[in-house]
Amino acid sequence: MTTVSTAPQAVRNDPVHKHHLQTLYRRVWGLRALGMGLGSLAPLVVLHELKSPVAAWAWVIFVGYGWPHLAYVLAARSRDAYRAEQRNLVFDTVLAGSCVPLMHFNVLPSVVLLTMVMADRLSAGIRGLWHRGLIGMLAGVLLGGMATGFAFAPQTRMPVVLACLPILVIHTLAVSLNSYALVRRTQQQNILLKKLSRTDALTGLVNRGHWEQAATTLLATVPAGEASLLMMDLDAFKQINDDYGHLVGDDVLQAVSGVVLCHAGAGIAGRLGGDELVLAVTADAATAAAIAEDIRAGVEALRFVHAPALRCSVSIGLATNGTAGGSLRVWLDAADQALYRAKAQGRNRASAPA
Ligand SMILES: Nc1nc2c(ncn2[C@@H]2O[C@H](COP(=O)(O)OP(=O)(O)OP(=O)(O)O)[C@@H](O)[C@H]2O)c(=O)[nH]1
């Protein structure tokens, strides 16, 4: 019931993943003890009905209540605990199979036992385990049959039916809980992956590809004159990098992105690349100019712990979707020209197209 997916090479070499595999036997221990313990109840009742010899009792008691702990010790003492646990998982099936002839093929407990054991091999997610488990199970049935002469009495009486219930109920609920946890974890990881795939790692703004998608949608849905684009470029950023180093340069980029996000409202802030940031927002030209001034002033007010003397500024080019026409390319071009004007007019300012 513990899932260990077969991972690609890079993941398999990861120390955390290796540790996860090498400690599998510890996680399986409790589940094996519970499953084998409950699973042995019905066989014991059948042995009682059949008035089986002591050797059969001893074997089933070993399978149900001794083997789970022996399996733990074998894996713990092994040089490769994961391989040892894989052997244990196959040996589980041999043992389960061997109990079937001891019960003279009593139909309900035999089916329950074999099904539960097989379901656990499948849900472990280890490649080929179910296949090896099937062979192990058949070997177990064969060995048990050779010991009992394949005696056959498939009828199941009520006490045996009742003895099957604990494993049926508890095992089914445990497997369902495990699946529930797995689905929840996968959903959360998918959300995180989606977020990471569209986020610029340094600034936390959306990356170019995702920003272009979102801006295209905005452009298609907002009437002309009601959406604005702010294209921002840090002033003399190369000099900042040269004077203070790239790490401080990164701090500046992060801090400026923080200011942009702070004033973005419901707009979409992104990093096109380098020190070039963009904000597409549902706002007319006057509102966009006010947002641009807030960002400009916010950037000017930034101070840095690792470079107290450092002052930075940003130039901003503005374009509304009215001036830009229908395509994102034209809109970006209009904002870029406005940014060029802001730089040419002396930087640290916002400018609209001429
Ligand atoms: N620290 C840091 N620097 C970066 C990063 N990406 C790009 N740069 C640097 O940003 C600088 C961009 O400089 P430019 O935009 O060409 O010029 P500028 O110095 O900002 O001058 P103006 O734009 O004309 O004001 C280059 O030196 C790049 O190496 C980054 O992720 N971190």
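## Reading a predicted model, from the ligand outwards

Tutor: Let's start at the ligand: 16 residues surround it, and Phe237, Lys238, His246, Gly249 and Gly274 come nearest. Keep in mind that this is a predicted model.

Student: Which elements each supply at least two residues of the shell around the ligand?

Tutor: Those are β1, α11 (237-244) and α12.

Student: And how do the shell residues divide into nonpolar, polar and charged?

Tutor: There are five nonpolar, five polar and six charged residues in the shell around the ligand.

Student: You mentioned β1, so how do I read a sheet?

Tutor: Here's the general idea: strands of a sheet pair through backbone hydrogen bonds, either parallel or antiparallel. In this structure, five strands form an open sheet with mixed pairing, and the order is β2-β3-β1-β4-β5.

Student: Which strands stand at the edges?

Tutor: β2 (268-273) and β5 (350-351) do. Each has a single partner strand, so one side of each has no neighbour in the sheet. For β2, have a look at β3 (residues 276-281): the two pair in the antiparallel sense over five bridges. Gly270, for example, has Val278 in β3 as its bridge partner.

Student: Which helices go with the sheet?

Tutor: One of them is α12 (residues 246-264), which packs on the sheet and touches β1 (228-234), β2, β3 and β4 (314-320). The direction of α12 makes about 5° with that of β3. Then there's α15 (residues 328-344), lying across β1, β4 and β5 and running at about 140° to β4.

Student: How do I describe two helices that pack on each other?

Tutor: In general, you give the angle between their axes and the distance between the axes. Try α5 (residues 54-77) and α6 (residues 81-102): they pack at about 175°, with axes 9 Å apart. An angle over 145 degrees counts as roughly antiparallel, and therefore α5 and α6 are roughly antiparallel to each other.

Student: Which residues meet there, and of what class?

Tutor: On the α5 side they include Trp59, Val63 and Trp67, and on the α6 side Glu85, Asn88 and Leu95 are among them. By class, the contact of α5 with α6 has 14 nonpolar, one polar and one charged residues.

Student: Where does UniProt place the feature "transmembrane region"?

Tutor: The unreviewed UniProt entry puts it at residues 29-47, 54-75, 95-117, 129-153 and 159-183. You can then check the model over those residues. Residues 129-153 are 80% helix and 0% strand, with end C-alpha atoms 31 Å apart. Residues 159-183 are 100% helix and 0% strand, and there the end C-alpha atoms are 37 Å apart.

Key. Residues are numbered from 1 along each chain as its sequence is written. This is a predicted model: local features need pLDDT of at least 70, side-chain atom pairs count only at pLDDT 80 or more; totals for chains, interfaces and linings use all residues. UniProt positions are given in the numbering used here, feature names are shortened, and annotations may be inferred rather than shown by experiment. Helices (H or I, at least four residues) and strands (E, at least two) are DSSP runs, numbered from the N terminus. Two strands pair if DSSP finds at least two bridges between them. Two residues are in contact if their C-beta atoms, placed from the backbone, lie within 7 Å. Axes are lines fitted to C-alpha atoms, for helices over the stretch in contact, and angles run from 0 to 180 degrees between N-to-C directions. A residue is near a molecule or strand if its C-beta atom, placed from the backbone, lies within 6 Å of it. Ala, Val, Leu, Ile, Met, Phe, Trp, Tyr, Cys and Pro count as nonpolar, Asp, Glu, Lys and Arg as charged, and the others, Gly among them, as polar. Angles under 35 degrees count as roughly parallel, over 145 as roughly antiparallel, 65 to 115 as roughly perpendicular and the rest as oblique.
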